[in-house]
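New to this one? Here is a quick briefing to read alongside the sequence and the 3D view.

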Amino acid sequence: MMMRFDGRFGFPGGFVDTRDMSLESGLCRELLEELGPAISTVDITEKDYRSSQVREHPQKCVTHFYTKELKLDDLERVELESGLAKDHGLEVMGLVRVPLYTLRDGVGGLPAFLCNNFIGNSKSQLLYALRTLRLLREDQIQEAIRASQNIQY
């Protein structure tokens with residue numbers, strides 16, 4: 001995920017425009033702008049599509065959610081070169097790895113992360129990805145959600 005200019009967490013992406021031949025080419029353009037040159041070696045295709053959601057507010061639009069598995073060295077290269085992205089420091093403040101664990105205190109890790117402010121439907125997209133990609137078991141996700149609802153700062 002990424003920390004956005006407005007202090008909220010979200011996924012990279014943006015609007016498809018007339019110069020884009022497909023959703024995927026628009027996404028690849030946005031990824032290059034937001035994540036930098038290392039992402040240009042990653043091929044996003046229709047196979048990476050996960051879901052769509054219609055939004056009415058703040059403006060009518062349809063959001064499309066894609067996921068892509070990266071090898072660790074590819075992820076590290078994207079992280080390292082993200083500072084070279086056109087939108088770094090403007091739209092994107094930095095990349096963030098989501099903690100896929102809960103600390104022994106039952107609060108640290110994913111439960112605390114879920115207490116952050118997310119843009120639009122990014123939090124539900126994150127939980128959807130954790131489930132469908134089987135990055136965590138359902139009981140772990142449910143426990144993290146429950147714990148996050150009980151955290152008081």
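**Charged pairs, a helix pair and a nonpolar patch**

Arg97 is partly exposed, with 46% of relative accessible area. Keep in mind that this is a predicted model. Arg97 is a handy place to start, since its side chain pairs up with Glu79 in a salt bridge, and the count for the model comes to 14 salt bridges.

**The Glu79–Arg97 link**

- The closest N and O atoms of Glu79 and Arg97 are 2.7 Å apart.
- This pair ties together distant parts of the chain, with Glu79 sitting in helix H2 (residues 72-81) and Arg97 in the loop between E5 and H3, 18 residues apart.
- Glu79 has a relative accessibility of 27%, so it counts as partly exposed too.

**Other salt bridges**

- Asp6 and Arg8 join their side chains in a salt bridge, at 3.1 Å from N to O.
- Asp6 is partly exposed, at 28% relative accessible area, and Arg8 is partly exposed at 28% as well; both values fall between the 20% limit for buried and the 50% limit for exposed.
- Glu143 and Arg146 make another salt bridge, with their closest N and O atoms 3.3 Å apart.
- Those two are 3 residues apart in helix H5, so about one helical turn separates Glu143 from Arg146.
- Glu143 comes in at 43% relative accessible area, which makes it partly exposed, and Arg146 is partly exposed at 42%.
- There is also a network of salt bridges, which links Asp17, Arg19, Asp20, Arg29, Glu30, Glu33 and Lys86.

**How H4 and H5 pack**

- Helix H5 (residues 138-150), home of the Glu143 and Arg146 pair, packs with helix H4 (residues 122-132).
- The angle between H4 and H5 is about 155°, and their axes are 9 Å apart.
- That angle makes H4 roughly antiparallel to H5, because anything over 145 degrees counts that way.
- As for handedness, H4 passes H5 in a right-handed crossing.

**A nonpolar patch on the surface**

- Which residues make the nonpolar surface patch? Leu100, Leu133 and Leu135 do, and the patch is about 240 Å².
- Leu100 lies in the loop between strand E5 (92-95) and helix H3 (110-113), and Arg97 is found in the loop between E5 and H3 as well.
- With 39% relative accessibility, Leu100 counts as partly exposed; that fits its place in the patch, because patch residues need over 30% relative accessible area.

How values were computed
Residues numbered from 1 in each chain as written. Predicted model: local features only at pLDDT ≥ 70, side-chain atom pairs only at ≥ 80, totals over all residues. Heavy atoms only, no water. Patch = residues over 30% accessible without salt bridge, like charges linked within 9 Å, V, L, I, M, F, W, Y side chains within 5 Å. Areas by Shrake-Rupley, 256 points an atom, 1.4 Å probe, with all protein chains shown as cover. Salt bridge = Lys/Arg side-chain N within 4 Å of Asp/Glu carboxyl O. Helix = DSSP H or I, 4+ residues; strand = E, 2+ residues; numbered from the N terminus. Buried < 20%, exposed > 50% of the residue type's maximum accessible area, 1.4 Å probe, protein only. Axes fitted to C-alpha atoms, helices over the stretch in contact; angles between N-to-C directions. Parallel < 35°, antiparallel > 145°, perpendicular 65-115°, else oblique. Left-handed = near helix turned anticlockwise from the far one by under 90°.
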